[in-house]
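Subject: Structure handover

Hi,

Here is the structure I promised to pass on to you. Have a look at it first, and then read on for what turned up in it.

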Amino acid sequence: MSLGSSLLIFASGRLAAVALGFAFQLLVVRVLPLADYAGYAVAMAAALLAQSLLLFGVPTVLAYEASARHHAGDGPGLRRLLGRVAAVRLGVLALFALVAFLASAGGFLPALAHGVLIAAAVVWAAGLLLASDAESICQVLGQQRLSRAVAVGEPLVRLAALVTAVGLGWPVEAATVVMLCAATTALAGLALVGAAAVGVARLGAMSGSGQTPRQNLVALAGASYLSTAGAMVMSPPAVRLAVSGAMPVELLAAFSFMQGLMLSFLRLTSGIVLSPFIEPAVMSHAARAGSQAPMAAALSLVFKLDLVVFSTAVVGLLAGGPAVLALLAGGRFAGLDWLLPVLFVLPPLYGFYRSLETAAAVMARRRALATVLPIGLFWLGMLILTGLVMPLVAALVIPILDIGARLLLLAASLRRSGVRGICDLPFLLVVVASALIVGMGARLMAADVMPAMQILVAALAALVHLAVVLGRARRLPAAEHAIVAAAMPRLLRFLPASAGREAVP
C-alpha cells in the first residue's frame with residue numbers, strides 16, 4: 001500500500017472517530033448531573049494519563065523492531081518479540097491495578113472517585129493500552145483498513161449504546177458512562193489483538209539472521225519513554241487531575257468539558273495525525289549527508305497547517321463564544337465561554353511539539369530530550385502550588401508556559417544540528433495579530449445580539465481571518481513549495497507562480 005493511501009485511510013478514520021467522540025461528549029454533558037460529569041471527567045483523565053504513563057516505550061520498539069522483523073519475513077522473531085511485549089504488559093497492568101486499589105483504600109484519590117468508578121477507570125486504561133499496542137502491530141502488518149474500522153466502530157458503538165440507554169429512560173450515572181467506555185475500549189483492543197494475531201500467524205516460518213539483544217530493546221524503549229515523560233507529566237489529563245481537588249464542582253465540570261473538546265480536536269493536528277509518517281521521513285533525511293533544509297521545511301509546513309486551522313477556530317470562539325457554548329453544552333456553563341478560545345491555543349503547540357520531538361529523537365538529540373523531563377516536573381510543581389490558590393488560572397496559563405519552554409529547547413537543539421527555519425516568525429506574527437484584532441473586534445460587535453446573529457458574526461470573522469492568513473501563506477518558501485508540489489500538486493493552482501522562487505523574508 002502506498003504512503004498516500006495509508007495516510008488517507010489513517011486520517012479518514014481519525015476524523016470519523018473524532019467526530020463520533022465529539023458527539024458522545026456533547027451527549028454526556030447533557031445527561032449527567034454536574035457532580036457526576038465531574039466524576040466522569042476525572043476518571044477519564046486518570047485513564048488517559050495512566051495509558052500514557054504505562055506505555056514504557058513499547059510503541060517505539062514495535063515501530064522499529066517489529067517493522068524490521070516483518071520486512072525480513074522473520075515470523076518466529078516477530079512472535080518472540082510480541083511475547084515479550086505481552087509479558088511486560090501483563091506485569092504492568094497487574095501492578096497498576098494494585099496501585100489503584102491501594103490508593104483508593106488509603107484515601108489518596110479525589111472525593112469524586114469511588115470503588116466502581118475506580119475499577120472502571122482501571123479497565124478503561126487497560127483497554128486503551130491494549131488498543132495502542134495492537135494498533136501499532138496492525139500498522140506494521142499493513143492492516144490500516146481494519147485499524148480504521150475498529151477506530152470508527154468503537155466510538156460508534158459507545159455513542160449508540162448511550163443513546164439507547166437515554167432513549168429507554170435508564171438511569172445514567174458517572175460510573176455507567178465510565179463502564180461503557182471501558183467495555184467498548186476493551187472490546188476494540190481485543191479485536192485489534194485478534195487481527196494482529198492472525199496477521200502474525202500468516203508470516204512465514206523462516207527465522208531471521210539474528211535477534212536484537214534484550215538490552216538493546218530495553219535501551220530503545222527507555223530512551224523513547226524518557227523523551228516523552230516530560231510531556232506526560234504536563235499533559236491535559238495530568239493538568240485536570242492536578243487541579244481537580246481545588247476547583248469547585250461546577251467549575252471543574254466546565255473546565256473538563258471544554259478541555260475535552262480541545263482534546264478531541266487535538267487528535268486532528270497535523271503533527272499528531274502525520275506522526276506515523278513523519279518519523280520515517282525524518283529518519284530518511286537524517287541518514288543522508290548534507291543539508292537538513294527539506295526536514296525543516298516539512299516541519300514548518302506542518303506547523304503552518306495547524307496554525308491556520310486552529311487560529312480560525314479561536315477567532316470563531318472569541319466572536320461567538322456565548323452562543324457556541326450554549327449550543328454545545330445545552331445551556332450549561334454560562335459566562336465561562338472565554339475558556340474555549342484560551343484552551344484552543346494549545347493544539348497547534350502540542351502538534352508542533354510532537355513533530356519536533358520526533359525529529360530530535362531520530363537525530364539523537366538525547367541531551368535536549370532528557371532536559372524535557374525536568375522542565376515538565378518544574379511546571380507540574382508550579383501547577384500544583386499555584387493551583388491551590390488560583391486553580392483555573394494555573395490550569396490555563398502554566399500549560400502554555402510549559403509547552404513554550406519545551407518548544408524553545410527542542411528548536412534550539414535542532415538548530416544546532418542544522419535544522420533551521422522551522423518557525424516562520426513573520427507568518428506567526430500575522431496569524432496572532434489577525435486572530436486578536438478580528439476575534440476581539442467581532443466579539444465587541446456581537447456582544448448584545450441574538451445567539452443566531454452571534455454565530456453568524458463568528459462565522460464571518462473566521463472567514464475574514466482565514467482570508468488574511470491564507471493570503472500570507474500563499475507566499476511559501478521554495479523548499480515548502482517543493483513539498484506541496486510533490487505531495488499535493490493540485491494545490492499549486494492556488495499558489496502564485498513565483499512562490500517557488502521566493503523565500504519568506
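Please keep in mind that this is a predicted model. I will go through some helix pairs and then a cavity.

Let's start with α2, which spans residues 34–53, and α7, residues 174–201. The two helices pack at an angle of about 30°, and their axes are 8 Å apart. Angles under 35 degrees count as roughly parallel, so α2 and α7 are roughly parallel to each other. Their crossing is right-handed. On the α2 side the contact is made by Asp36, Gly39, Tyr40 and Ala43, and on the α7 side by Ala174, Val177, Val178 and Cys181. By class, these residues divide into 6 nonpolar, 1 polar and 1 charged.

Helix α2 also packs against α9. Here the axes come within 8 Å and cross at roughly 135°, and α2 and α9 are therefore oblique to each other. This crossing is left-handed. From α2, the contact uses Ala41, Val42, Met44, Ala45, Ala46, Leu48 and Leu49, while α9 brings Pro237, Ala238, Arg240, Leu241 and Ser244. The residues of this contact divide into 10 nonpolar, 1 polar and 1 charged.

Next, please find α16, residues 366–387, which packs with α17 at an angle of about 165°, the axes being 9 Å apart. That angle makes α16 roughly antiparallel to α17, and the crossing of the pair is right-handed. Among the residues in contact are Leu369, Val372, Ile375, Trp379 and Leu383 of α16, along with Ala395, Ile398, Leu401, Leu409 and Leu410 of α17. The contact of α16 with α17 divides into 15 nonpolar, 5 polar and 2 charged residues.

Now to the empty space inside. How many cavities of 30 Å³ or more are there? The count comes to 2. The second largest has a volume of about 30 Å³. Its lining is formed by Pro236, Val239, Gln259, Met262, Leu343, Leu346, Tyr350, Ala395 and Pro399. The elements that give two or more residues to this lining are α9 (236–244), α10 (249–266), α15 (346–362) and α17 (391–416). As for the character of the lining, 8 of its residues are nonpolar, 1 is polar and none is charged.

One residue to look up as you browse is Ala395: this residue takes part in the contact between α16 and α17 and also lines the second largest cavity.

Enjoy exploring it!

Best wishes

Note on methods
Residues are numbered from 1 along each chain as its sequence is written. This is a predicted model: local features need pLDDT of at least 70, side-chain atom pairs count only at pLDDT 80 or more; totals for chains, interfaces and linings use all residues. Side-chain values use heavy atoms; hydrogens and water are left out. Axes are lines fitted to C-alpha atoms, for helices over the stretch in contact, and angles run from 0 to 180 degrees between N-to-C directions. Helices (H or I, at least four residues) and strands (E, at least two) are DSSP runs, numbered from the N terminus. Angles under 35 degrees count as roughly parallel, over 145 as roughly antiparallel, 65 to 115 as roughly perpendicular and the rest as oblique. A crossing is left-handed if the near helix is turned anticlockwise from the far one by less than a right angle, and right-handed if clockwise. Contact means heavy atoms within 4.5 Å. Ala, Val, Leu, Ile, Met, Phe, Trp, Tyr, Cys and Pro count as nonpolar, Asp, Glu, Lys and Arg as charged, and the others, Gly among them, as polar. On a 1 Å grid over the protein atoms alone, a cavity is a set of points where a 1.4 Å probe fits but cannot get out, and a pocket is an open set with protein on both sides within 12 Å along at least five of seven lines; lining residues have an atom within 4 Å of a point. Grid points are joined across faces, edges and corners, and a volume is the space filled by probe spheres set on the points.
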